[in-house]
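Work through the exercises below with the structure open. Try each task before reading its solution.

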Amino acid sequence: MSDRRQKARLKKINQESFGVNLGVQELDRLTQKQLETWVDQAQRRSQLGQLPTYIPQLAQVNSQEFVVQILTLEGKSYCAGDATLSFPLMSVIKPFLLFNRLVELGEDNVFQRVGVQPSDQTFNSLEQLQADDGWPRNPMLNSGALALAALLPGQDANSRCDYFCSWLNQYANCQLFLDQDILESVRSVPNPKNQALVSALLASGYVDDPDLTLDTYNQICCLSATILDLAQLGLLLVQPTDLQWQIPGRIVKALMMTCGLYETSGQFAAQVGLPTKSGVSGAVLSIIPQQGAIACYSPPLDPEGSSIGSLFLIEKIAQTLNLSVFK
Ligand SMILES: NC(=O)CC[C@H](N)C(=O)O
């Protein structure tokens, strides 16, 4: 479908499901000049962060890189930085794994395997999983994403990842691809934390093939995107292409709000009020319900594993334009 036809279709779905023509919204008032000023500030701020060291290739990226893409339902597009750059999504893939499994399996099947409780522990905490007797607390943590990766269809990890990648590309109108170099880099260093998580999930019965599950999880974390692809993925959650997908979309956005930034989710919800998901590559996606999506990539991380520059920029935009969902 052409971009114009897709936009017209989204607008129609929007009008049908909300019964209104949304017209010009807060996000559409953003100016390119404002964006560029804040990007400069955010890029400077980002240098306070650290690159992750446990995946060798992520430790070697250019820490000055900064890219942002905003898409609005009204069809506006703002971009700053190198739009041709691609980067692995890492944990930003988790909301989409949840979305795909909700759409395909339904709420009951999914929430028999994973909870909806926020956690104040780090994203790969074994202590949290043990404290919960092996029950993965939420789908934004590694434990929960591992449990859901175990539910993807396919004989092996390659076919599972292929299926998921094609599904997203088809419905979000993007071109994700599996970056083999980053996958090799992930595989080159053992990850005892994720191994311990998957063993604990095997013991509690939420995973039945730990090697297959871990391999699938690693592959989907290495799905890579340009900043436009990531913003397009965001639009899938803002305006699901199918009316049947609105409830799954609502659930995913709620869990991004409460769990998407791990132990800092509550603070960010209070300060910014947008469903947001980060990954250790420095990718961040925020959803502005009924308006659009902000995708950002800036590699240096805060101690919780989220991009400092991206969160700073999103906060600036949200506060200045009054984008919080809590009015
Ligand atoms: N927070 C993240 O982005 C984690 C994803 C990464 N693949 C890991 O398991 O450690």
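**Exercise 1. Which helices do the buried residues of H7 pack against?**

Some ground rules come first. This is a predicted model: local features need pLDDT of at least 70, side-chain atom pairs count only at pLDDT 80 or more, and totals for chains, interfaces and linings use all residues. Residues are numbered from 1 along each chain as its sequence is written.

Step 1. Find the helix. Helices (H or I, at least four residues) and strands (E, at least two) are DSSP runs, numbered from the N terminus. Helix H7 covers residues 142-149.

Step 2. Check burial. A residue is buried if 20 or more other C-beta atoms lie within 10 Å of its own, exposed if 12 or fewer, and partly exposed in between; C-beta atoms are placed from the backbone. In H7, 8 of its 8 residues are buried. Among them are Asn142, Gly144 and Leu146.

Step 3. Read off the partners. The buried residues of H7 pack against helix H4 (94-105), helix H6 (126-131), H10 and helix H11 (210-221). Contact here means that two C-beta atoms, placed from the backbone, lie within 7 Å.

Step 4. Zoom in on one residue. Leaving out residues up to four places away in sequence, Leu146 touches Leu197, Val198, Leu201, Val207, Thr213 and Tyr217.

**Exercise 2. Locate Asn194 and Val280, and say why each counts as buried.**

Step 1. Start from the record. The unreviewed UniProt entry has a "binding site" annotation that covers Ser91, Asn142, Asn194, Tyr217, Tyr262 and Val280. UniProt positions are given in the numbering used here, feature names are shortened, and annotations may be inferred rather than shown by experiment.

Step 2. Take Asn194. Its place is in helix H10 (residues 192-204). Asn194 is buried because 22 other C-beta atoms lie within 10 Å. Not counting residues up to four places away in sequence, Asn194 touches Asn124, Asn142 and Leu214.

Step 3. Take Val280. This residue lies in the loop between strand E6 (276-278) and strand E7 (283-288). Val280 is buried because 22 other C-beta atoms lie within 10 Å. With neighbours within four places in sequence set aside, the contacts of Val280 include Pro52, Met90, Ser91 and Gly305.

**Exercise 3. Trace the open sheet and the helices that lie across its strands.**

Step 1. Order the strands. The open sheet has 5 strands, in the order E2-E1-E8-E7-E6, with antiparallel pairing. Two strands pair if DSSP finds at least two bridges between them.

Step 2. Mark the edges. Strand E2 (77-80) and E6 each pair on one side only.

Step 3. Inspect one pair. E6 and E7 are antiparallel over 3 bridges. Thr276 stands opposite Ser286 in E7.

Step 4. Add the helices. Helix H2 (residues 32-46) lies across strand E1 (67-72) and E2, at about 30° to E2. Helix H12 (residues 227-238) lies across E1, E7 and strand E8 (292-297), at about 145° to E8. For such angles, axes are lines fitted to C-alpha atoms, for helices over the stretch in contact, and angles run from 0 to 180 degrees between N-to-C directions.

**Exercise 4. Describe the whole chain.**

Step 1. Count the elements. The protein chain has 15 helices and 8 strands.

Step 2. Look at its extent. Along its principal axes, the C-alpha trace spans about 50 × 45 × 35 Å.

Step 3. Look inside. Buried residues make up 50% of the 327 residues.
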